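Visitor: I'd like a tour of how the helices and strands fit together here. Keep it relaxed, but give me the cut-offs.

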Amino acid sequence: MSVTKTAEATCIGHPDKLCDLIADTILDDILYEDPAARVAVEVMVSGRRVIVTGEITTKVRPRIRQSVRAALVEAGYQPWKFLVFVWTRKQSPDINAGVSKSLEARFGEDTEFALQGAGDQGTVYGYATNETPERLPLPLVLAHRICERLDTARVEGTITGIKPDGKAQVSVTYNEAGEPEKVETVVVSIQHYSAKDLDELVAEVKTLIVAPACKPYLPITDDTEILVNPSGVFTVGGPKADTGLTGRKLMVDTYGGLAPHGGGAFSGKDPSKVDRSGAYMARLIARTIVDARLARECQVSISYAIGKADPVAFTIDTLGTGQYADHVLTASARDVFPLRPGGIIDALNLRNPSFTRYSTYGYFGHAGPRWEQTWRHERDLRKAVETHADQATGHR
């Protein structure tokens with residue numbers, strides 16, 4: 001029986017995504033001068049107001065308003081039209097104590113990366129699938145590509161009369177073998193000027209945005225339903241129309257709702273927060289397993305306790321597609337990948353300020369970041385898997 005899967009993405013000027021962009025811009029600007037800073041920034045935009053709050057502990061003086069203005073320009077807005085309100089304070093000394101000296105270190109352990117504890121508790125998830133080169137679900141990849149093309153068309157003038165706010169949603173039908181079969185429905189909502197001819201806009205979005213975005217993966221057919229601005233006129237958008245909040249597009253940031261999510265947002269958080277760093281490592285592990293052809297699909301979960309370096313739980317589930325038993329892959333991944341926060345930060349180079357560039361079209365599936373560079377680990381993982389598989393056979 002065929003099934004249909006759906007995912008959405010947002011353009012850079014969507015109010016929620018604008019908040020993520022602002023938060024990560026503030027974070028990057030601080031980490032550039034103070035890589036050891038502790039940052040947990042929340043942003044709200046509403047009307048012509050930008051509100052920044054949260055906890056920041058750093059040796060430098062944050063230039064928050066300057067960062068906000070830079071992000072507004074990047075998103076296609078005019079910063080002089082916005083009032084910026086800032087209320088921040090230092091990180092809680094109790095949290096700082098647990099992060100700076102982990103539970104293991106307090107009990108005398110001095111092994112590698114034992115000092116730094118997790119900056120929060122909770123479970124993070126990583127996921128990968130072989131259905132796209134990005135190792136992400138196809139509906140999400142297509143939705144991101146459509147939004148990225150919309151933003152590029154606005155900036156380059158390929159389509160005139162459109163504004164920064166917009167969203168895309170893609171539904172893909174899968175056959176009985178679990179393979180993408182056809183693009184069922186595409187929904188695009190894009191803000192526009194009142195003088196823009198709506199029939200022209202529909203034609204431009206279909207021919208210049210949707211069709212070329214989908215073609216390399218699964219071409220549009222005559223049966224594909226494409227809806228452009230189904231609500232009608234969309235002239236009022238951005239913060240003027242909707243209040244935006246940091247972290248309200250968790251599924252857009254990760255796996256489109258087609259894999260589990262622990263609930264923690266990424267944007268505005270320095271890598272001591274395992275909401276971010278742990279999720280990046282979980283993604284790297286899942287993608288490495290898929291890239292190494294040890295499974296067609298993989299889901300990784302890591303659970304942390306605040307102030308503790310080692311995770312309290314770590315599991316791998318290949319959803320019935322693994323070449324080896326899941327417990328073999330779990331043991332092998334423990335040997336190859338660092339799971340302590342300090343080790344993750346070091347392995348993924350997370351003190352290097354580069355979060356802003358991934359805050360709009362999803363944090364996963366890009367070629368640049370370390371959490372996507374599986375070639376660094378595939379060989380070691382295969383060796384570890386062979387070792388643990390032999391041991392498992394020997395115990396029978």
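**Helices, sheets and domains**

Visitor: Which residues in α6 do L142, R145, I146, R149, L150 and A153 in α5 meet?

Guide: Quick ground rules: this is a predicted model, where local features need pLDDT of at least 70, side-chain atom pairs count only at pLDDT 80 or more, and totals for chains, interfaces and linings use all residues. Residues are numbered from 1 along each chain as its sequence is written, while side-chain values use heavy atoms, with hydrogens and water left out. Contact means heavy atoms within 4.5 Å. On that basis, those α5 residues meet V205, L208, I209, V210, P212, A213 and C214.

Visitor: How many nonpolar residues does the contact of α5 with α6 have?

Guide: Nonpolar takes in Ala, Val, Leu, Ile, Met, Phe, Trp, Tyr, Cys and Pro; Asp, Glu, Lys and Arg are charged, and the others, Gly among them, are polar. There are 2 charged residues and no polar ones in this contact. The nonpolar count is 11.

Visitor: At what angle do the axes of α5 and α6 cross, and what does that make α5 relative to α6?

Guide: Helices are DSSP runs of H or I, at least four residues long, and strands are E runs of at least two, numbered from the N terminus. Axes are lines fitted to C-alpha atoms, for helices over the stretch in contact, with angles from 0 to 180 degrees between N-to-C directions. The axes of α5 (residues 138–156) and α6 come within 9 Å and cross at roughly 140 degrees. Since under 35 degrees is roughly parallel, over 145 roughly antiparallel, 65 to 115 roughly perpendicular and the rest oblique, that makes α5 oblique to α6.

Visitor: How far apart are the axes of α1 and α2?

Guide: Helix α1 spans residues 15–33 and α2 spans residues 64–74. They pack at an angle of about 135 degrees, which makes α1 oblique to α2. Their axes are apart by 9 Å.

Visitor: Which residues in α2 are met by L18, L21, I22, T25, I26 and D29 in α1?

Guide: The contact of α1 with α2 involves two sets of residues, one in each helix. The α2 set is I64, S67, V68, A71, L72 and E74.

Visitor: Which strands stand at the edges of the open sheet of 4 strands?

Guide: The sheet has the order β1-β6-β7-β8, with mixed pairing; two strands pair if DSSP finds at least two bridges between them. The edge strands each have a single partner, so one side of each is left without a neighbour in the sheet. They are β1 (3–10) and β8 (225–228).

Visitor: Which residue in β8 does T185 stand opposite?

Guide: Strand β7 (residues 180–192) runs parallel to β8, joined by 4 bridges. Opposite T185 in β8 stands E225.

Visitor: Which strands does helix α6 touch as it packs on this sheet?

Guide: Helix α6 covers residues 198–214, and its direction makes about 135 degrees with that of β7. The strands touched are β6 (162–174), β7 and β8.

Visitor: What is the pairing in the open sheet of 3 strands?

Guide: The order is β5-β10-β11. Strand β10 (residues 297–304) joins β11 over 5 bridges, with I302 opposite F314 in β11. The pairing is antiparallel.

Visitor: How much of residues 116–234 is strand?

Guide: UniProt, in an unreviewed entry, places "domain: S-adenosylmethionine synthetase central" there; its positions are in the numbering used here, feature names are shortened, and annotations may be inferred rather than shown by experiment. The stretch is 30% helix, and the strand share is 32%.
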